[in-house]
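Subject: Structure for your review

Hello,

Please find the structure below, with the sequence alongside. My notes on what was found in it follow.

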Amino acid sequence: MSLDSDTSSQGGDHRNFRQITRDRLLFEMLRSTKKNSKSTWKVLIMDKFTVKIMSYACKMADITEEGVSLVEDLYKRRQPLPSLDAIYFIQPTKENIVMFLSDMSGRSPLYKKAYVFFSSPVHKELVAQIKKDSSVLPRIGALSEMNLEYFAIDSQGFTTDHERALEELFSENAEGSHKYNACLNTMATRISTVFASMREFPRVHYRVAKTINASTMTTLRDLVPTKLAAGVWNCLAKYKTTIPEFPQTETCELLIVDRSIDQIAPIIHEWTYDAMCHDLLCLDGNKYVHEVPSKNGSATEKKEVLLEDHDPVWLELRHAHIADASERLHDKMTNFVSKNKAAQLHQTRNGGEVSTRDLQKMVQALPQYSDQIDKLSLHVEIAGKLNNIIREQCLRDVGQLEQDLVFGDAGTKELINFLRTQLGVSRENKLRLLMIYAALNPEKFESDKGAKLMQLAGLSADDMIAVNNMRCLCGPDTKKSSGGGFTLKFDVHKKKQAHRKERTGEESAWALSRFYPVLEELIEKLSKGELPKDEYNCMNDPSPSFHGLPTSSSVRTSPAHSMRSRRTGGTWARPRGSDDGYSSDSVLKHASSDFKKLGQRIFVFVIGGATRSELRTAHKLSSKLKREVILGSSSLDDPPQFITKLKLMSAEELTLDDLQI
């Protein structure tokens, strides 16, 4: 299948990032085997990693439709099926090759013919090993490099599955560790396969080391973005000569940064529906478990549901503020009831006004109960749970102080007062407040003040590890050498250190929605060609025809002022007209038209874990900039996961089970 014509981001029917990934797996890999195969049905064999690649991009029904009758694990004992052909989708490792050869060699192979697809470039030695076996060679129908080794976690997002990147690249003992180079090399290979899939050749920007100074030593962790950019560049150079129809000139932008650009985004409470679900509910990935009435009606039973793109209610509400999501869900329920006579009768008997919970019960009792209403009821339940947690944990007060600290409206006095008076706030939320404060005020932790604050908050010993380890995410401060403590700095907003600027031209429609990740500003600057040259280098000068972007020295903003409402009562600020892309109109209404005339893609990769606010930013800016923004990272972390990873950075002997989150 030729991908250059229909994956181009200019003209034609636009397919998003995950759709292109899915199409390559289904058509370029599975369907391509039909040409030379006499076997109608086939067996698909994968290793643990490629199973995840497939499951993030395709459904089982899609795979079956392409003629796969059985999916097998390469490392499990399998029944011989000598009348069927097999498709191998595996990583090109020595162990995998050994397993493949044992399947297909000798007088009695497990399968009739084998079509082998590797997830990334395969070494010549391994190909030679396969060719050596004279019994296997005639049984190979295809030997091909798919160059697809990433998890498409979202229509505009991917991860490289490096959950321990913080520990392996940024901890104190990362210096000289063999894991450091191994992690960077694998990450570079996997990022590069994204561009192989998309048939895109990027202009590679990266955050430069902050310590290019003769008097200070550049640390390995400060060089992580530089080294990763070089690794990606080397892989892309090879693709230009090995992949048919791979572009020879730049077609898109890639920006490589690390977690040091924004230490607050992974910790602060986000108030959108998606972020709150993953932060506050005990989800297993995207899996939510809830209780539903059993079929016989006598009791309840547990049911698992996936909060993913196939659910239209989730797709519409995931980026909405929790208050907006709750309101829209109630409206949807009310609308359903108003169109149903049985429900209206029930409503009349109960005297008009009905709560969301009553509406839910009412809808469930209706004979017209369907999959659509099932999903609606599910989200009413989830939103109700989230609002209860917000009340029980005093999260509005916590969130207000978090954002006031970030925007400079509160300081040490307010934090101490909060820790002394708000006894109902959990230890975890106090820890998150202190981590935000430490990121904004590193100098406060150079004496015993930091220890006193942690004592006041009642933090445990490993909580203190998390606070102290935030300094590992940044290189040394070149202007001032200190004997210890924090050396945190934001790359952006150096003039007003620790206080983020208010966004101008985007009025917040809801309370507690002032915060935005630094990545949002970086992507906008990249789109305009205005990335600060002293902070961001580029591996390749663009071709003359790349784009003619204006190059002004900085983005001008008007004086900061707050548009959020301070609420003390039980209701959220009412929505107003908003230009932030998340007003009450469903983003779905505009999605198809927005993506038809897009400019060149923007790829951003965050080393050390991306956040849901950053993924939301990719969606928001795609509409705003009319360019598909694709966010990649070593992992996608929710606040509890990120804090645990910070604790692990200096605790090699500890496991996840040992740590309190």
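**Overall picture**

Of the 661 residues in the protein chain, 54% are buried. Please keep in mind that this is a predicted model. The chain contains 23 helices and 14 strands. Its exposed surface comes to about 29,900 Å², and carbon and sulfur atoms supply 50% of that area. If one takes the contacts between residues at least 6 apart in sequence, 78% of them join residues at least 24 apart.

**The five-stranded sheet**

One open sheet has 5 strands in the order β2-β1-β3-β4-β5, with parallel pairing. Its edge strands are β2 (68-73) and β5 (140-145), each of which pairs on one side only. From one strand to the next, the twist averages 15°.

Within this sheet, β3 (residues 85-90) and β4 (residues 114-118) pair in the parallel sense over 5 bridges. As one example of a bridge, isoleucine 90 has phenylalanine 118 in β4 as its partner. In general, the strands of a sheet pair through backbone hydrogen bonds, in either a parallel or an antiparallel way.

A helix lies across part of the sheet. Helix α1 (residues 17-30) lies across β1 (42-46), β2, β3 and β4, and it runs at about 135° to β3.

**A pair of helices**

Further along the chain are helix α16 (residues 412-421) and helix α18 (residues 449-457), whose axes come within 9 Å and cross at roughly 30°. Angles under 35 degrees count as roughly parallel, and α16 and α18 are therefore roughly parallel to each other. On the α16 side the contact is made by Leu415, Ile416, Leu419 and Arg420, and on the α18 side by Leu453, Leu456 and Ala457. Sorted by class, the contact of α16 with α18 has 6 nonpolar residues, no polar ones and 1 charged residue.

**One loop residue**

Is alanine 511 buried or exposed? Alanine 511 is found in the loop between α19 (461-469) and α20 (518-528). Its relative accessibility is 4%, and because buried means under 20%, alanine 511 counts as buried. The C-alpha atoms of alanine 511 and glutamine 400 are separated by 8.7 Å, while the two residues are 111 residues apart along the chain.

Those are the notes for the handover.

Regards

Conventions: Residues are numbered from 1 along each chain as its sequence is written. This is a predicted model: local features need pLDDT of at least 70, side-chain atom pairs count only at pLDDT 80 or more; totals for chains, interfaces and linings use all residues. Side-chain values use heavy atoms; hydrogens and water are left out. Helices (H or I, at least four residues) and strands (E, at least two) are DSSP runs, numbered from the N terminus. Buried means under 20% relative accessible area, exposed over 50%, partly exposed in between (1.4 Å probe, protein chains only). Contact means heavy atoms within 4.5 Å. Accessible areas come from the Shrake-Rupley method with a 1.4 Å probe; for residues, only the protein chains shown count as cover. Two strands pair if DSSP finds at least two bridges between them. Axes are lines fitted to C-alpha atoms, for helices over the stretch in contact, and angles run from 0 to 180 degrees between N-to-C directions. Angles under 35 degrees count as roughly parallel, over 145 as roughly antiparallel, 65 to 115 as roughly perpendicular and the rest as oblique. Ala, Val, Leu, Ile, Met, Phe, Trp, Tyr, Cys and Pro count as nonpolar, Asp, Glu, Lys and Arg as charged, and the others, Gly among them, as polar.
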